[in-house]
Structure formats: C-alpha cells, structure tokens
Amino acid sequence: MRGLALIVAVLGTGALGAARLQQTAPRDASTLAPTVGTAAVSGIVVTDEEPGQPVRRAIVVLAGDGLRPTRSAITDDEGRFGFADLPAGKFTITVSRASFVTSMYGAKRAGRPGVPLVIGDGARVANVAVRLWRGAALAGTLRDEWGAPVAGIQVRAFPARARGPLQSLSNNGNATTDETGQFRIFGLEPGAYVVAALPPSGSSSPYVGLSDAQTDAALEALRRRTANAGAGAPASPPVDDSPPRPFGYASIFFPGTPVATQAATITVAAGESHAGLDFALQRVGTSIVSGVVMKPDGTPAAQASLQLTSIAPAGPLRDATRVELTATAGVDGSFRIAQVRPGDYELAARVPADLSQPGIRPGYIEAPSTPQLYAIANLSVAGGDVTGLALSVAPGINIRGRLAFESETKKAPETNGGSVWLIPEIQLPVTTGAGLVRSLQIPAAGRTRPDGTFEFGGVAPGKYWLMTSGAGVPMDAWQLRSAVIGGRDVLDGLVEVPAGSGPLELVMTYDDKPARLSGRLETASGAPASDVFVLAFAADRNLRGPYSRRIKAVRPGEDGSFGIGGLPAGDYLLAALTDADPEDWQNPEFLRQLEASCVKVSLIPGTPVVQNLRIGG
C-alpha cells in the first residue's frame, strides 16, 4: 500500500528520525482574534521550475479567519499580487490558471493542501512565493468500430485512486473529441489515471442495426445483382423478417475495453504530456424498459417523471460506469426508456400529487416544490427488453425538522434562510465541481425558519446522507452534536426513510461547547515541523466509515502549529504523515496499521485540548 510507505518514512527510521510519535508537554496556545484589517500581504506566483518563472494573469484567492468575503486578485506581468486591509489570523492562498494545476501556498506538490499563512495585526508580509505546477496532459484519437474518427464524444480522465467524498482542487479532467476524433485533456494533477470515452446514452429512438442474417442476405443480394447485370431479372434475395437489433455504444476504457477493471492505468508527472491514447468505441446490445405508472386510486399517473439509474460498484471509476436515463409518462401513464445497456438499475417514478397546482412542471428532475407521489423498483437488464412493469406511486414521507440549541450563556441564533439537504445513497459520493447531483429522489432543501424549524415534504423511501453545511448556523460559535431521527443519531451514518411510515421528526442539536484540538508539531530538536500532515481519526473502529466526520487531516503552519475543528467529542488517534491521501483515510486497514504509532487524545465538549507532537528521537 502506497500510503503505508509514506507513514514509514515519518514514523520509521527515515530522514526524520525515530520510530514513534512522542507526547510533549502542552504549551500555552494563544489565538489571534479577527480585528479591523490593518495588515497586508504581497507576493509572487512562479512555476515549479528551477528557477521558477513568473506566472501572469493567475487568479489568487485569499481566505481565512475573519475575512468575509474572501479576497481575490490577478497577478501582473511579473507574476506579483497584493492584498491590503487584512485582519490578523490564519489564511490560505489558492492560485489557479488555465493549463496549470490549482495550487496552494506551501503545498509540497501539485493538488495537495498548503500551509496556513499566519499574519499579525498590522503586519506587512512580503515576498510570499506560491508555486504553480504545470498540469499534465493526456491526448489521443477516438474512432468507431470501422476505424473512422468520431466527433463530439466526451472523454474523461478518472483518478485511478479514489479521493473520498471531496475531490481535488483541480476541476480539469475532460475533453470532447473534435472532427478528427482527437482529444486532449490538460491541466491534470500528477498521478495515475484511467481514460474513458463516455458516449451519450438514452434516446426515445434507439440506434438499430441489421442482424447477422440480414447483413449476409444484403451482401448476397448485392453479389447476385452484380453477377446478373445485363443477364435478365436479378434473382430474389433470401427473405429475413427478423426485426432490426437496437444497439448503443458502451463507455469504453483505454486501450479498448468496456470493463473498468481491465482499463490501463496511465501515470503522468507534473507538466508531462502523454499522447497516443488511441482506442475505438464498441457497440453493445441495448434493451427497452417499458411499463405504466399508476396512482393509488388506480388512475394513470400522467406526466410522471422517471429516472433509471445504474447501480454502479463503489470505487474510483464509479462515475465512469454510472448511467442515468430519464423519461416522462404519457397521458395513459405509460413510459418507454430506450437504449438501456445491460446491468442492474434502480427505477424511480415521481408525479405531483396535484397537477393543477400553479408552478407544476412535470417531467423535470429538479427538487419538487409541492407534495409528490413516488415509486421505486430495482431491475436487471440482460440483453432482452423489460416490458410490462407496473409502478404504483404512493405519497412520500413527511419529515419535520428542528434545530435545537443548548447553551448556558448564549441565545439561540436566528437561522432563517439556511438549508439542510438529503442526498440519496445511490447518488453518493457527492463530487465537487459538478454541483449537487440531479435525482428524482432529492427532496427540496429544508429551509430553516427564524425559529429553527424546517421540513421535507414527501420524501421517497430509501437511504439518504444528511448534508448540514448550509443550515445557517454560525459554526464559529456552535457545533452540531447530534441529528436524531427515529431514535437514532444519523450523523455517523445514513438516514433511513422506510416506506409506509408516518411523519418523522429530525432533531439537530447544537451546543456552544465544541471540542477544540490544537497543538504544535516539532522535530526532535524542538524546531517546528510543517512539512507533514497531522491526521486525527476516531479510536473506535466502528466510527471510521465513509463520510465520517471523525476523520480529518490538516497541514501545520510554518510555526508548526495546527488546529483541527469540527470533531465531535470522543477518543481520537493522532498520526503524522508525509502526505495525505483521502483514499487512505477511508481505508479501515490503513488506519488500523497506523494505530500502534499514534498518540491517543480525548476531546471533551467545551474544553480546549492542546496536544503537542514530536517526530524523531
């Protein structure tokens, strides 16, 4: 495992010395409160070359404590930038430019987190240098099964290693073939990739092709016509009345396979261009899925929206194999979805309970604004048509939500305008850069009112991930402690909405006693260490699942100081890593191998915990 080798470099006998992290006596930690801005920062953006060359017209974004909104600037012809009127605090600097990998100040390599910049009140911080790595590129040609170039097909580069619920800083990774079938994907972070061609899927009028017998008959007719030219009437060709076969084009992975696990892995370094990725599309037999949607009273669910979503295996290539097809039922409730490739699917149907209400737009995927009726079914497609499906829609489940605040000194904040989301399990992981997923099962956001109440009106049965980042609560003063529905805390798992249940109540409880962890990372000589990551993860192995809020990593500042916020109270293990790959954080075996070399710390509600760490002898 690659990540383990990185751990050994720090915790073993590598350049940083001895084999274990050691606890050191806590030191007094002071924090710089945001103030009226009197500080300034200036610097330069350069390429990752020796010597670095200035990068002009790069976008520089400064974000951090007490800075609202964030500041942005564009580098001049000499690559320089500046910010004035800044408050004191810790700041991050992010730089982006086309053909480069979005980078952060202090990052060790492309696409990795940087180092916070600590600025004192009235300070003048100059000569801040931010390195910008040139992005790698992948190029090739896409052809059809006869060798002709294919235009207008999306080609994407997927990281060969999963990156967890949040993706990298870079939004690059796709291109569209031109009229010669060529594509070039640029601005990629260094690493290993899998390249896939993703033809569009789904159509009311599928492609059809002759059967083998029909093709043979047509060729024979042409041969006879040529042989009998001028010798009387041509002989009648054999008759084949078999219907044309529908087909589509499967997602194809370089070097030319529809099986994701058989895809070739291409590794690129910063600025490297890898060409010659030539491969061809492949036909695959497709099916038609059809049926009817009915209301509870037995009448047709006219204009019901339908979505057929492939049940893709978990892993880094899930997005490459995911298929989502949509359709709208007719006035008689019937539907027909064409060009369905073989695989396992979830079929969801949704229709407004009252089509006569104003603002109703049947057939749309966006979150509904009125009560809805739902039906969900699983099905498998194995080459033949799937017909005669009967879906009976039923009302969704109402969920009434409430934000509760517990404090001995603070008044509950006004939360008007915040949002709480429920993301269907089948749509996970949620990736950045593409916005929220589009699914029939996503209810309208729960909009918080001034009194802290909200609701989800008519949620389809299923499992959901509770996304709370937009609840409108000032997180610098409050921390979400629990989210209880049906007697179960769902912050460390999924919300289950059972079919046929009555209204449910969701209580999200906040308190003003967040557990705060900070400290200083130093070498054996006492010098600050900022070139590594501090990883905190739950000591309880049962709390380390995907999307766990109990696993976080940070990069110490230049003075070695670090702070990890948002962790619930409980027992944690701290490790130092030379690099931090979110895929490793999601790997229970990787975390288990770290346990023996970690320092244990207990976080207590409302109590600042200072835990200094030492690497080396």
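## Strand order in an open sheet

In what order do the strands of the open sheet of 4 strands run, and with what pairing? In this predicted model, the order is β32-β31-β34-β37, and the pairing is antiparallel. The edges of the sheet are formed by β32 (446-447) and β37, each of which pairs on one side only.

Within this sheet, β31 and β34 are joined by 4 bridges in the antiparallel sense. One residue pair can be named for this region: L422 has L466, in β34, as its bridge partner.

## Overall composition

The protein has 617 residues, of which 45% count as buried. Its secondary structure comprises 5 helices and 46 strands. Among contacts in the protein with a separation of 6 or more, 75% are accounted for by residues 24 or more positions apart.

The accessible surface of the protein amounts to about 28,700 Å². Carbon and sulfur atoms contribute 52% of that surface.

## Nonpolar cores

The largest nonpolar core contains 26 residues. The residues with the most contacts inside this core are I399, L422, L466, V495, L506, M508 and Y510. At least two core residues come from each of the strands β30 (397-406), β31 (419-424), β33 (453-459), β34 (462-467), β35 (479-485), β37 (495-497) and β38 (504-511). Another core, of 24 residues, lies apart from the largest one; A304, V323, V381 and V386 are among its residues.

L466 illustrates how the largest core is connected. Residues up to four places away in sequence set aside, L466 touches V420, W421, L422, A483, V490, L491, V495 and L506. Of these neighbours, L422, V495 and L506 are themselves listed with L466 among the residues with the most contacts inside the core.

## Aromatic pairs and a charge over a ring

The count of aromatic pairs comes to 6. One of them is formed by F405 and Y510, which are stacked with 5.4 Å from centre to centre and 20° between the planes. F405 belongs to strand β30 and Y510 to strand β38, so this pair ties together parts that are 105 residues apart in sequence. Both F405 and Y510 are buried, and Y510 is also one of the residues with the most contacts inside the largest nonpolar core.

Elsewhere, ring pairs link F183, F254 and F279 into a cluster. A charged side chain is also placed against an aromatic ring: R555 lies over the face of F533, at 5.6 Å from the ring centre.

## Two buried residues and their surroundings

T309 lies in strand β23 (residues 305-310). T309 is classed as buried because its relative accessible area is 4%, under the 20% cut-off. Leaving aside neighbours within four places in sequence, the contacts of T309 are with V323, E324, D344, Y345, E346, I426 and Q427. Among these contacts, V323 is also a residue of the core of 24 residues.

A110, by contrast, is placed in a loop, between β7 (103-104) and β8 (117-119). The relative accessible area of A110 is 3%, and A110 is therefore buried. Not counting residues up to four places away in sequence, A110 touches V101, W133, E189 and P190. A110 and G135 are 25 residues apart in sequence, with a C-alpha to C-alpha distance of 8.5 Å.

## Backbone features in loops

Where do cis peptide bonds occur before P51 and P255? The bond from E50 to P51 is cis, with omega near -5°, and P51 lies in the loop between β2 (39-47) and β3 (59-64). The bond from F254 to P255 is likewise cis, with omega near 15°. P255 is found in the loop between β17 (252-253) and β18 (266-268), while F254 also takes part in the aromatic cluster with F183 and F279.

Positive phi values are found in two residues other than glycine, R57 and Q303. R57 has a phi of about 60° and lies in the loop between β2 and β3, the loop that also holds P51. With a relative accessibility of 43%, R57 counts as partly exposed. The phi of Q303 is near 65°, and Q303 lies in the loop between β22 (287-294) and β23. Q303 is partly exposed, at a relative accessible area of 37%.

Key. Residues are numbered from 1 along each chain as its sequence is written. This is a predicted model: local features need pLDDT of at least 70, side-chain atom pairs count only at pLDDT 80 or more; totals for chains, interfaces and linings use all residues. Side-chain values use heavy atoms; hydrogens and water are left out. Buried means under 20% relative accessible area, exposed over 50%, partly exposed in between (1.4 Å probe, protein chains only). Contact means heavy atoms within 4.5 Å. A nonpolar core is a set of buried Ala, Val, Leu, Ile, Met, Phe, Trp, Tyr and Cys residues joined through side-chain atoms within 4.5 Å. Rings of Phe, Tyr and Trp (its six-membered ring) pair if their centres lie within 6.5 Å; planes under 30 degrees apart count as stacked, over 60 as edge-to-face and the rest as tilted. A charge sits over a ring if NZ of Lys or CZ of Arg is within 6 Å of the ring centre and within 35 degrees of the ring normal. Accessible areas come from the Shrake-Rupley method with a 1.4 Å probe; for residues, only the protein chains shown count as cover. Two strands pair if DSSP finds at least two bridges between them.
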